Amino acid sequence: MQVTETLKEGLKRSYTITVPAADLDAKVNEKLVEAQPEIEMKGFRKGKVPMPILRKQFGDRLLGDAMQDAIDAAMRKHFAETGDRPALQPKVEMKGGETWKKGDDVVVEMSYEALPEIPEVDLSKVELERLVVKADEKAVDEALESLAKSAKDFADRKKGAKAKEGDQIVIDFVGKIDGEPFEGGAAEDYPLELGSGAFIPGFEEQLVGARAGDEVAVTIAFPADYGAAHLAGKEAVFDCKVKAVKEPRPAAIDDELAKRYGAESLEALKGQIRERLEAEYQGAARQIMKRALLDELDLLVKFDLPPSLVEAEAQQIAHQLWHDEHPEHSGHDHGEIEPTEEHKTLAERRVRLGLLLAEIGQKEKVEVTDSEMTQAVMNQARQYPGQERAFFEFVQKNPQMQQQLRAPIFEDKVVDIIVAAAKVSEREVSKDELQKALEKLEEI
């Protein structure tokens, strides 16, 4: 077997692999000898079929396997000896394929783009700033007030007051279709918050302005895709009796409110809020520091990039941005989207940083554990309530989806390693200053 270099230009590589016909013939014989003990044919005992008959029966079929095995072995040996790592799957083409016949040598052309040598980075020279925000009393009080509004109570409005959106009305109702009540269409003393969207569209709006004691006929049409087939697409009239009109009032900020949220006391709830706020601040500060780190690494390290990776990333960026600008077009039946120079510049940055972080992660033996992957899948599955099992099965069968979930976990682990080795200073800032830094980050 012979491997001859035909191109070495930048990261582009091309080689001719020649597999002699004699080697292929030997490989076919090897496969036949290996299979012979298990083969049964009419007129022969198991394992006693003569080799010439086996070759005539199975030789041509095994020849293709022998070719593939030989080429794969040559490629593995080549990458082991050269140390090259292909950026994408190598392209392999058989030369003279249409004119090739049994007994000829097999000649294939293998071409690929090699991953570049990634220069060493002295991480101790990386300088970063971590923003620190303490949860002050004002922030805690604001969060408490928000919780109190969420845990709102309702109190009776003055006699004769009209119901407003956001109010709660207590009603008895009976729904009818063609004058006949239908199953599941009636209730008594039902508390309905106007504007909550709890009922069929159009129902709550017709009760705005009602007073306690009023009787209101609410006419609505069930959607054509309504869950109950016997109601879908039909018009119904609900005879409603308004028994009370109540206005929302925030819950009192006291120990009882704390208990609603699982805390033993108001002070304990404040402590939990403070911890949650500071965890949120830390998460935002990490995003800001991570962007600063990537910016610094992008300036520190330069190396050649595989054009195919950059082109693929630029296409993906252009495609994603096009869909962001055209949210109404969810399919992919659109025309070709041509990446701009801006897309290509961003793609170069992403590819460069991706290769650098991958190299550091490999040297540091960073791994994503099974438990971390399981947690990532669970977090993603929560976006599909009722379909969690189907999502799990989809991920198990989809290596590309697994990689999408694994990549950010791997990246965060590598970032943690770099931060641990870098010079990190801390600066205490206000919540507003942190928010401005975060907004500036999102604008970039």
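Here are some questions and answers about helix packing, burial and salt bridges in this predicted model.

Q: Why are α5 and α7 called roughly perpendicular?
A: Helix α5 (residues 266–300) and helix α7 (residues 341–363) pack at an angle of about 95 degrees, their axes being 10 Å apart. Angles of 65 to 115 degrees count as roughly perpendicular, so α5 is roughly perpendicular to α7.

Q: Which residues make the contact between α5 and α7?
A: On the α5 side you'll find R291, L294, D295, L297 and D298, and on the α7 side R349, R352, L353, L356 and L357. Sorted by type, that's five nonpolar, five charged and no polar residues.

Q: What makes K290 count as buried?
A: K290, which sits in helix α5, has a relative accessibility of 19%. Buried means under 20%, so K290 gets that label.

Q: What makes the pairing of K290 and E411 side chains a polar contact?
A: The two side chains come to 2.6 Å, and the cut-off for such a pair of N or O atoms is within 3.5 Å. Leaving out residues up to four places away in sequence, K290 touches E411, D412 and V415. K290 also belongs to a network of salt bridges that links it with R286, E411, D412 and D416.

Q: Why is the pair R157 and D167 called a salt bridge?
A: Their closest N and O atoms are 2.6 Å apart, and a salt bridge needs the nitrogen within 4 Å of the carboxyl oxygen, so the pair qualifies. Both R157 and D167 lie in the loop between β6 (153–156) and β7 (168–177), 10 residues apart.

Q: Are R157 and D167 buried or partly exposed?
A: R157 has 22% relative accessibility, so R157 counts as partly exposed. D167, at 2%, counts as buried, because buried means under 20%.

Q: How do you know that K259 and E256 form a salt bridge?
A: The closest N and O atoms of K259 and E256 are 3.9 Å apart, and the limit is within 4 Å, so the pair makes the cut. K259 and E256 are three residues apart in helix α4 (residues 255–260), which means about one helical turn separates them.

Q: What makes K101 exposed and D104 partly exposed?
A: K101 has a relative accessible area of 52%, and exposed means over 50%, so K101 is exposed. D104 has 25%, so D104 is partly exposed. The side chains of D104 and K101 meet in a salt bridge at 3.6 Å, N to O.

Q: How many salt bridges does the rule give?
A: The count comes to 33.

Conventions
Residues are numbered from 1 along each chain as its sequence is written. This is a predicted model: local features need pLDDT of at least 70, side-chain atom pairs count only at pLDDT 80 or more; totals for chains, interfaces and linings use all residues. Side-chain values use heavy atoms; hydrogens and water are left out. Axes are lines fitted to C-alpha atoms, for helices over the stretch in contact, and angles run from 0 to 180 degrees between N-to-C directions. Helices (H or I, at least four residues) and strands (E, at least two) are DSSP runs, numbered from the N terminus. Angles under 35 degrees count as roughly parallel, over 145 as roughly antiparallel, 65 to 115 as roughly perpendicular and the rest as oblique. Contact means heavy atoms within 4.5 Å. Ala, Val, Leu, Ile, Met, Phe, Trp, Tyr, Cys and Pro count as nonpolar, Asp, Glu, Lys and Arg as charged, and the others, Gly among them, as polar. Buried means under 20% relative accessible area, exposed over 50%, partly exposed in between (1.4 Å probe, protein chains only). A polar contact is a pair of N or O atoms within 3.5 Å; within protein, one must be able to donate a hydrogen and the other to accept it, and residues adjacent in sequence count only if both atoms are side-chain atoms.
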